[in-house]
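Colleague: I should like to learn how to read a protein model that comes with a bound molecule. Could we go through the features in turn?

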Amino acid sequence: MELRKGLEDIAIKETSITYIDGELGRLYYRGYSIFDLASFSNFEEVAYLLWYGKLPTRHELDDFKSRLAEERSISEDISTFVKRTAKFGNPMDILRTTVSMMGLEDRSEGDLIGKAIKMTAKIPTIISLIQRTRRNQEFVEPDPSLSHSENFLYMIRGERPSPSDTRVLDVSLMLHMDHEMNASTMACLVVASTLSDIYSSVVAGISALKGPLHGGANSEALKQFMEIETPDNVEKYVMNKLSSGQRLMGFGHRIYKTMDPRAKILKEYANQLSKNEEIKRLFEIANRVEEIGIKILGKRGIYPNVDFYSGLVFYAMGFDPDLFPTIFASARVIGWTAHVDEYLKDNKLIRPKAIYVGDLGKRYVPIEER
Ligand SMILES: CC(C)(COP(=O)(O)OP(=O)(O)OC[C@H]1O[C@@H](n2cnc3c(N)ncnc32)[C@H](O)[C@@H]1OP(=O)(O)O)[C@@H](O)C(=O)NCCC(=O)NCCS
């Protein structure tokens with residue numbers, strides 16, 4: 001039996017959801033280039049595309065938007081739990097628990113996509129409540145007349161965002177919606193393959209996304225830029241980090257061996273948002289880290305990934321750094337559930353093997369003799 005650490009280069013299913021060309025740095029959702037979707041589409045349309053496999057007609061999109069908007073409210077129990085834990089809890093732990101609570105509250109059978117719509121609609125309400133509670137601000141009720149991203153920013157800020165800020169969040173969320181068979185999607189499939197429920201799958205996805213090697217890298221990347229303080233410190237910082245065996249956060253990817261296309265788009269937005277001194281300085285630092293990092297690591301196929309600039313974009317939009325992985329999850333829930341839906345159409349219990357390297361036939365020693 002061949003041992004493939006980290007399941008590298010193992011395919012576990014056929015998919016028509018997402019295709020990544022890691023050599024050329026291309027990403028496609030349902031056959032559409034991410035660059036085209038980022039230029040012409042929007043959150044609701046891409047969510048529909050990933051779940052239903054085609055772009056919606058005007059009528060389908062209007063229906064779908066209302067369905068999403070109607071599901072934004074959270075229960076009293078979830079709201080109380082968030083308010084009680086927001087000031088000390090890790091936001092990913094809070095999110096994981098609240099999705100679990102949603103599963104407890106939803107007694108209905110079947111309708112996987114309907115449940116996915118509920119989670120997608122409610123997660124931004126939970127994230128906003130976490131941030132506002134911590135800042136001792138009043139909760140802002142979701143406004144169903146606003147688009148998903150406009151409402152998300154409205155609930156965070158307490159005022160209607162500008163169309164350009166709404167567009168930045170909308171595109172950022174689209175870029176995070178799916179990414180083929182990453183660690184968190186795999187975690188969702190492992191759970192789904194036992195015929196457990198979709199909330200349990202998403203709880204597993206959130207748990208896997210939390211780690212700094214996956215969705216936790218966005219806040220780590222920003223932390224890194226903050227630690228560097230000025231562009232002049234970049235070279236020394238990067239050299240020290242790499243020579244001491246540490247990793248540059250926001251760099252490297254199992255599939256991309258060139259610049260992640262999502263990082264290219266987010267870099268443009270980070271530049272666009274560099275209006276005040278702090279963001280301008282962080283953007284300059286990030287640029288310099290990118291340049292030096294590529295000079296050193298590029299020859300090994302290690303380049304900036306989605307998390308390199310996304311943290312800076314989320315920060316400039318007014319989100320607290322430790323909330324960034326939850327924003328990632330708020331979009332990735334769409335990819336997770338689309339993959340679970342696809343997998344269950346031809347389900348096979350996921351049960352790999354381990355190669356046993358221990359001893360056999362040992363004599364059992366009674367406790368008094370050990
Ligand atoms: C994402 C990641 C886990 C993918 O890695 P992987 O395919 O499992 O590859 P490995 O972790 O085995 O790394 C392969 C080699 O590249 C090096 N490497 C990978 N990413 C690196 C980084 N960000 N900085 C420095 N070196 C890196 C490793 O040290 C390793 O070197 P070695 O062969 O000399 O031991 C890895 O690139 C990483 O840890 N990146 C930083 C965290 C991050 O940004 N995560 C978000 C991913 S979207």
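Modeller: Let us begin with the secondary structure. In this predicted model, the protein chain contains 16 helices and three strands.

Colleague: What radius of gyration does the protein chain have, and why does it agree with that of a compact globule?

Modeller: The general idea is to set the value against the one expected from the number of residues. A compact globule with 370 residues would have a radius of gyration near 21 Å, and the protein chain has 21 Å, so the two agree. Along its principal axes, the C-alpha trace spans about 70 × 55 × 45 Å.

Colleague: Where does the ligand sit?

Modeller: The ligand occupies the largest pocket.

Colleague: Which residues around the ligand come nearest?

Modeller: There are 18 residues around the ligand, and those that come nearest are Arg247, Leu248, Gly250, Phe251 and Arg254. Sorted by class, this shell holds nine nonpolar, five polar and four charged residues.

Colleague: How should I read the polar contacts of the ligand?

Modeller: One looks for pairs of N or O atoms within 3.5 Å. A polar atom in the side chain of Arg247 is 2.7 Å from an oxygen atom of the ligand. The side chain of Arg300 also places an N or O atom 2.9 Å from a ligand oxygen atom. Gly250 contributes through its backbone, with an N or O atom 2.9 Å from an oxygen atom of the ligand.

Colleague: How much of the ligand's exposed area does the protein bury?

Modeller: The ligand exposes 850 Å² when taken alone, and the protein buries 66% of that area.

Key:
Residues are numbered from 1 along each chain as its sequence is written. This is a predicted model: local features need pLDDT of at least 70, side-chain atom pairs count only at pLDDT 80 or more; totals for chains, interfaces and linings use all residues. Side-chain values use heavy atoms; hydrogens and water are left out. A residue is near a molecule or strand if one of its heavy atoms lies within 4 Å of it. A polar contact is a pair of N or O atoms within 3.5 Å; within protein, one must be able to donate a hydrogen and the other to accept it, and residues adjacent in sequence count only if both atoms are side-chain atoms. Accessible areas come from the Shrake-Rupley method with a 1.4 Å probe; for residues, only the protein chains shown count as cover. On a 1 Å grid over the protein atoms alone, a cavity is a set of points where a 1.4 Å probe fits but cannot get out, and a pocket is an open set with protein on both sides within 12 Å along at least five of seven lines; lining residues have an atom within 4 Å of a point. A molecule sits in a cavity or pocket if more than half of its atoms lie within 2 Å of its grid points. Ala, Val, Leu, Ile, Met, Phe, Trp, Tyr, Cys and Pro count as nonpolar, Asp, Glu, Lys and Arg as charged, and the others, Gly among them, as polar. Helices (H or I, at least four residues) and strands (E, at least two) are DSSP runs, numbered from the N terminus. The radius of gyration is taken over C-alpha atoms; the globule rule is 2.2 Å times the number of residues to the power 0.38.
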